[in-house]
Amino acid sequence: MSALQLVSARRRRTDQVMRGVLGVATLIALVPLALILFYLLSKGIGAIKSGFFSSDPNLSQCFPHVPGAPPPPPCNIGGIRSAILGTVEIVGLATVIAVPLGIIVALWLTEYGKESPLANIVRYFVDVMTGVPSIVFGLFVYTLLVVSHVGGDAVGWKGALAVALLMLPIVIRSAEVVLLLVPSSLREAALALGSPRWRVVTRVVLPTAGPGLITGSLLAIARGAGETAPLLFTIGAAHVLTGNLGQPMNSLPTQIFSDLGQNTSAFVDRAWGAALTLVAMILLLNLIARAISRRSRLA
Amino acid sequence: MQETRHQFRETLKQLEAQALGGLDLVTAQLDRSLEAVTYQDVELAGMVVADDDRIDGRYLEVHQGVLSLLARQAPVAGDLRIVAALLHIIRCVERMGDQCVNIGKLVPLSGYEAPKDKDILDAIERMGQQARLQVAQAKQAFASRNVELAQDLVRQDAVINKLNREIFRRAVEVGDDLEVREWAMYMILVARCLERIGDNTVDIAEQVVFVVTGLFREFADASTPPAAGTRLS
Amino acid sequence: MIPPDTESKEQTVSTADQPAGQQASVSQPTPAGDERAQGGHSIICKDLNAYYGQFHSIKGIDFVCPANEVTALIGPSGSGKSTVVRCINRMHEEIPGARAEGSVKLDDLDVYGAGVDVTSVRRLIGMVFQKPNPFPTMSIFDNVAAGLRLTGTRSDNLRERVHRALRAVGLWGEVKNRLNAPGIGLSGGQQQRLCIARTVAVEPEVILMDEPCSALDPVATLKIEELIDELKERYTIVIVTHNMQQAARVANSTAFMLDGELIEHAPTNDIFTNPKDERTERYVTGKFG
């Protein structure tokens with residue numbers, strides 16, 4: 001007959017110590033995050049004055065106030081409207097390129113390539129691409145398209161291409177994971193009914209994986225929207241609002257980058273405001289992705 | 001490696017032992033009933049009648065065992081044939097027991113004196129020995145699943161049937177002797193009971209063939225003589 | 001479509017003395033579908049071999065499934081019974097590295113014949129799997145219609161065919177008021193019947209069932225067995241089962257397989273009262289698992 005033992009004091013102490021260690025580590029990790037959010041909010045909110053979202057950045061200069069000299073003219077450097085729209089257009093084009101292409105590659109990997117040597121090579125390269133620094137994509141597009149003056153100099157669509165290259169491996173990886181989650185019994189059932197394989201993919205696999213694919217794509221978009229390096233040399237410097245991707249374009253990351261280069265507080269404030277806007281947009285995308293994934297039946 | 005369904009096989013073996021053990025009970029009853037006839041022992045005959053309860057009890061045991069096995073173990077193929085055969089056999093056992101009881105009941109009716117015909121008594125004794133032999137052979141045949149031994153019972157049964165007809169003839173012959181003839185009538189009935197016992201052993205033999213081959217065939221009925229002639233019974 | 005050999009079959013029907021208005025068209029399913037019950041369809045496998053890479057899993061078997069009968073395949077795990085059934089509708093070749101050789105004839109047509117379209121084979125030979133697998137994104141109606149839509153069958157009376165299929169499997173009463181509810185909202189037994197309805201809606205000639213009741217409770221199992229009994233009036237059914245009692249209950253004939261060989265194939269009654277092969281006897285009486 002075995003007797004039930006009570007937890008020893010030593011074990012209880014160890015348990016408490018470990019819990020303490022874990023709690024402290026978590027706090028340490030959260031502190032920078034909290035600080036960033038705090039700064040974002042406090043500095044960013046301050047920058048959002050009237051006209052912040054409705055006017056484009058203009059070329060006015062802000063002169064610092066020199067004591068003794070007459071006060072400088074009022075500084076109105078404008079808002080970030082063209083940057084927001086630029087980001088939307090650039091990321092939009094990047095999405096249109098990367099998401100369908102990525103999903104198709106993922107479909108090939110799961111439905112046709114499977115474990116073949118070619119498929120494994122493709123997977124390896126996709127893995128490598130996820131690790132490539134984002135500036136390399138910018139550099140690649142810069143060298144290939146901007147320097148060679150193909151279709152103009154630094155313009156919007158070249159930046160979008162660089163962002164698309166960055167998003168592509170992310171879309172492929174997440175789509176492949178989601179597609180693999182579709183139970184093979186569903187494919188079998190469809191095949192056994194006499195369906196050709198392509199219909200199995202379009203009518204069964206894709207609809208079933210749908211929500212997961214959307215979630216993965218949204219996360220890739222969120223990632224792409226925040227990248228600065230691919231855009232630095234590829235979209236050119238512009239401030240005007242433009243819907244033409246064949247022209248140089250503004251974007252939130254590049255706007256923040258250029259604003260931080262100025263040493264006047266007005267610009268820095270605007271940078272914080274832009275940063276807050278960008279983070280808010282990305283947060284929104286994340287929330288939508290979560291909401292969709294929660295309603296999904298797979299992941 | 002232990003065989004699968006160990007419990008089931010054990011239960012089936014025990015059931016078979018119980019059913020075949022019934023044949024031993026029959027043999028004991030047979031011996032005693034014949035002794036009662038030979039020595040006109042009415043008390044012994046009474047014991048035979050009373051002891052039939054044991055055979056009836058054995059019948060119920062085996063019957064219940066078969067039901068239980070069918071319900072719980074779902075026997076198929078060879079096992080199923082054995083179970084069906086056991087049910088058949090235990091019914092034969094019960095019928096043979098009843099025949100012994102009939103013999104026992106005839107003893108007091110045939111009177112307390114001893115005027116008998118020696119020939120008839122001899123024939124009765126020989127019939128009894130033959131019946132005993134057949135019961136033992138049936139048991140052996142089933143236990144060892146021996147088809148030849150089973151089929152031989154048909155030939156054996158012919159002996160009993162021949163003796164039965166002999167006794168009838170002899171009884172008719174002594175019909176004029178007033179003192180003996182009533183006793184002789186009862187001896188015909190006793191012979192009839194013994195002949196029935198013989199038929200039951202042939203039924204058991206048919207079950208042996210069924211279990212082994214899966215085919216059920218009625219053995220040639222040996223009670224009618226091959227040649228056309230006086231048709232008895 | 002099936003190679004041109006069928007043309008001769010169709011002509012035999014229409015050249016019989018029939019007035020012009022009465023042309024029986026064999027190729028399309030008729031609205032009532034009753035005409036299909038005549039002229040059943042058999043499966044004859046000859047010298048069937050199957051491989052998983054190097055592993056020789058089915059070793060040259062000859063196997064016949066008579067028309068409008070239920071044929072059961074029993075045997076221990078790994079005996080190859082599921083493989084045989086998957087060779088019949090050519091699902092076996094969907095496994096990477098797997099191949100099959102030999103001939104499997106649906107009536108006169110070898111499904112492994114040169115140039116035969118695999119999808120048309122599977123339209124004629126349907127399959128029900130062990131675990132019910134209704135399509136999760138589709139409603140009950142869409143699930144049953146899936147077979148028709150996935151095979152690109154143009155159908156004017158889609159609704160009618162779906163309703164008929166649901167009636168045929170005994171689900172109609174239970175779902176008629178919620179045809180748009182998701183298919184996966186049904187109980188296990190209902191889901192399996194839904195999958196059978198999906199298979200039946202395509203109007204195959206043969207239905208293969210790979211342990212269809214393994215994942216179900218006893219009551220659902222018995223309902224499906226009743227259904228199998230009704231379905232055999234119109235289809236030829238081949239069922240793989242681990243449960244010998246089930247084979248004993250539903251099958252007209254039973255085939256015993258061991259290590260990739262077909263040991264014995266006989267009327268079910270004979271297999272379970274007097275099997276000819278010692279190995280069959282040992283398997284059905286449980287002397288080995």
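**Exercises on chain C and its partners**

Of the 289 residues of chain C, 42% count as buried. The model is predicted, and the exercises below take it as it stands.

**Exercise 1. State how the predictor rates the complex and chain C, and find which stretch of chain C scores below 50.**

Step 1. Start with the complex: the ipTM is 0.83 and the pTM is 0.80.

Step 2. Turn to chain C. Its average pLDDT is 86, and 87% of the residues score at least 70.

Step 3. Locate the weak stretch. Residues 1-37 of chain C have a pLDDT below 50; in the model this stretch makes 27 contacts beyond near neighbours in sequence.

**Exercise 2. Describe the make-up of chain C and work out the strand order of its open sheet of 4 strands.**

Step 1. Count the elements: chain C has 11 helices and 10 strands.

Step 2. Consider the contacts between residues at least 6 apart in sequence. In chain C, 68% of these join residues at least 24 apart.

Step 3. Begin the sheet at β1(C), residues 43-52, which is joined to β2(C) by 7 bridges, the two running antiparallel. Strand β4 of chain C (residues 98-106) is also antiparallel to β1(C), with 8 bridges between them.

Step 4. Complete the order as β2-β1-β4-β5 in chain C, with antiparallel pairing. The edge strands, each pairing on one side only, are β2 (55-65) and β5 (109-110) of chain C.

**Exercise 3. Find the bridge partners of Tyr52(C) and describe the hairpin of β1(C) and β2(C).**

Step 1. Look toward β2(C), where Phe55(C) is the bridge partner of Tyr52(C).

Step 2. Look toward β4(C), where the partner of Tyr52(C) is Ala98(C).

Step 3. Go to the turn. The hairpin formed by β1(C) and β2(C) leaves 2 residues between the strands, and Gly53(C) in this turn has a positive phi of about 65 degrees.

Step 4. Add another pair across these strands: Ile58(C) in β2(C) is opposite Ala50(C).

**Exercise 4. Determine which chains touch, and which elements of chain C serve each contact.**

Step 1. Set aside chains A and B, which do not touch; their nearest C-alpha atoms are 30 Å apart. Of the 2 pairs of chains that touch, A and C have the most contacts.

Step 2. Take that pair. Chain C contributes 22 residues and chain A 19. On the chain C side, α3 (118-124), β6 (125-128) and α4 (140-150) give two or more residues. This side divides into 9 nonpolar, 8 polar and 5 charged residues.

Step 3. Take chain B. Here 12 residues of chain C are in contact with 11 of chain B. In chain C, α10 (268-273) and α11 (278-284) each supply at least two residues. By class, the chain C side has 4 nonpolar, 6 polar and 2 charged residues.

**Exercise 5. Describe the largest nonpolar core and the surroundings of Val144(C).**

Step 1. Size the core: the largest has 136 residues, and those with the most contacts inside it include Met167(A), Leu48(C) and Val144(C).

Step 2. Ask which helix gives the largest share. That is α5 of chain A (residues 156-181), with 16 residues.

Step 3. Separate off the other core of 58 residues, among them Leu23(B), Val83(B), Cys100(B) and Leu194(B).

Step 4. Return to Val144(C). Leaving out residues up to four places away in sequence, Val144(C) touches Val162(C), Ala165(C), Leu166(C), Leu194(C), Ala197(C), Arg198(C) and Ala201(C).

Methods
Residues are numbered from 1 along each chain as its sequence is written. Chains are lettered from A and ligands numbered from 1 in the order in which they are written. This is a predicted model: local features need pLDDT of at least 70, side-chain atom pairs count only at pLDDT 80 or more; totals for chains, interfaces and linings use all residues. Two strands pair if DSSP finds at least two bridges between them. A residue is buried if 20 or more other C-beta atoms lie within 10 Å of its own, exposed if 12 or fewer, and partly exposed in between; C-beta atoms are placed from the backbone. Two residues are in contact if their C-beta atoms, placed from the backbone, lie within 7 Å. Ala, Val, Leu, Ile, Met, Phe, Trp, Tyr, Cys and Pro count as nonpolar, Asp, Glu, Lys and Arg as charged, and the others, Gly among them, as polar. pLDDT is the predictor's confidence in each residue, from 0 to 100. A nonpolar core is a set of buried Ala, Val, Leu, Ile, Met, Phe, Trp, Tyr and Cys residues joined through C-beta atoms within 7 Å.
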